[in-house]
Each structure stands twice: as C-alpha cells, then as structure tokens.
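Please look through the sequence and the three-dimensional model shown here before reading on. The briefing that follows is arranged by topic.

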Amino acid sequence: MAALALRVDPIADAGELARFWAKVVKGPGSGDCWLWTGAISDDDYGRFYLKREGRARCVRPNRYVLAAVLGMDPANVAVAEHAVCDVPLCVRVAGDATGHVWPSTQALNLARMAMRSRGGGPWWNWRWRGGDRASTAARSRALRSAVANGWDATAVRAVLDAPLPGQGVLQLFDD
Ligand SMILES: [Zn+2]
C-alpha cells in the first residue's frame with residue numbers, strides 16, 4: 001500500500017475521528033487490545049476510508065491511529081508494528097507503556113525489552129505469524145465478530161487461543 005501523507009487535525013477532522021473511534025471496541029483491561037471492527041482486507045489488517053484533498057483514500061487503522069493519537073504522519077512511519085500483542089486489528093496507540101502499536105523503531109525496542117524481561121506482556125503475547133494469509137484474515141474476521149456486541153473477553157480469548165492451520169508450536173510467553 002502506497003504511503004499516504006496524512007495529517008489528522010483534532011478539530012478539522014473531528015467527524016472523521018468520531019467515525020474512526022466508533023468502529024473500535026476497547027477492552028476494559030489495562031492490557032487489553034482495542035480492536036478495529038470496520039472493514040478488513042485480505043491481508044488481515046483493517047481498512048479505514050477517508051478523504052484528503054477531495055480524494056478518497058484508504059489507510060490501515062493501525063497507521064491512522066499513529067497520526068490521530070501521536071500526531072505522526074504515517075508516510076514517515078515505515079511500519080506500524082504491534083510490539084505488545086501482534087494482533088493486526090489492534091489500534092491501541094497511547095504513546096506510553098499501555099500502548100500496543102508503535103512506529104517500527106520503538107516497536108522493535110519494546111519487543112526486545114519484552115524478550116529480555118519476559119514480563120509485562122498480555123497472555124496472548126504470542127506471534128500471529130505462521131498461518132497462511134487466508135487463515136489469518138479469517139481470524140481477524142472471527143475476532144471482529146467476537147466483539148460485535150461489545151467486548152467479550154471469553155470470545156476474544158477463544159479466537160486468540162486457537163492455533164492457525166499450519167502453525168507450529170505457539171510461542172507463549174511466561175506470565
Ligand atoms: Zn493489542
């Protein structure tokens with residue numbers, strides 16, 4: 001997906017921001033994900049449609065929140081990574097220790113720190129990678145369904161605990 005020069009102005013783009021957050025279901029726990037429940041593309045990430053300069057655009061929600069919350073231009077962020085949860089639909093950007101999504105460099109640093117300390121991560125802190133694209137996209141859709149009527153911790157956990165077809169041993173971290 002081509003990088004999009006994007007600024008999100010809290011006042012001028014208030015309607016767009018409201019539309020974005022209306023599609024996010026936030027887990028109540030301090031370590032819970034904030035899950036995107038809008039459109040999901042075949043690559044298992046979400047899609048958020050907006051307009052800039054009169055043109056329809058499409059961005060990944062996990063990049064959009066970097067602009068919305070941290071004021072970063074996604075065009076200058078190589079990758080928005082999920083350093084804590086690795087859940088593609090997660091948009092928990094906070095800019096502090098409670099955040100799950102970080103610009104790439106910070107994400108890598110956080111991942112390294114987590115590996116060293118082996119602590120602080122949520123229970124689903126294992127990698128989603130390893131399944132094929134169709135199965136990870138199916139999981140994203142299952143996760144979206146799990147929170148269709150609000151946060152349902154049991155349903156969310158059931159989706160995240162299920163191994164992907166073709167996936168080997170889950171890399172669980174010690175809690
Ligand atoms: Zn998360």
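**Briefing on the model**

Gly71, placed just after helix 2, takes a positive phi of about 70°, where helices (H or I, at least four residues) and strands (E, at least two) are DSSP runs numbered from the N terminus. The model is a predicted one, in which local features need pLDDT of at least 70 and side-chain atom pairs count only at pLDDT 80 or more, while totals for chains, interfaces and linings use all residues. Residues are numbered from 1 along each chain as its sequence is written, and side-chain values use heavy atoms, with hydrogens and water left out.

**Helix 2**

- Of the 10 residues of helix 2 (residues 61-70), 7 are buried, so this helix is largely enclosed by the rest of the structure; buried means under 20% relative accessible area, exposed means over 50%, and partly exposed lies in between, using a 1.4 Å probe and protein chains only.
- The buried residues are Pro61, Asn62, Arg63, Tyr64, Val65, Leu66 and Ala67, and they pack against several elements, including helix 1 (14-21), strand 4 and strand 7 (101-103), with contact meaning heavy atoms within 4.5 Å.

**Strands 3, 4 and 5**

- Along strand 4 (residues 46-52) the side chains alternate, with Gly46, Phe48, Leu50 and Arg52 pointing to one face and buried, whereas Arg47, Tyr49 and Lys51 point to the other face and are not buried.
- Strand 3 (residues 39-40) pairs with strand 4 in the antiparallel sense over 2 bridges, where pairing requires that DSSP finds at least two bridges between two strands; Ala39 stands opposite Arg47.
- The hairpin of strand 3 and strand 4 has 5 residues between the strands, and Asp44 in this hairpin takes a positive phi near 75°.
- Strand 4 also pairs with strand 5 (residues 55-59) in the antiparallel sense, over 5 bridges, and Arg52 stands opposite Arg55.
- The hairpin of strand 4 and strand 5 has 2 residues between the strands, and Glu53 there takes a positive phi near 50°.

**The zinc site**

- Cys33 (SG), Cys85 (SG), Cys90 (SG) and His100 (ND1) coordinate the zinc ion at 2.1 to 2.4 Å; donors are N, O and S atoms within 2.8 Å of the metal (3.2 Å for Na, K and Ca), and since water is not among the atoms, sites may look incomplete.
- Along the chain, the donors follow the spacing C-x51-C-x4-C-x9-H.
- Cys90 and His100 both lie in the loop between strand 6 and strand 7, so the pair ties together parts that are 10 residues apart in sequence.
- Cys90 is buried, with a relative accessible area of 0%, and His100 is buried as well, with 2%.
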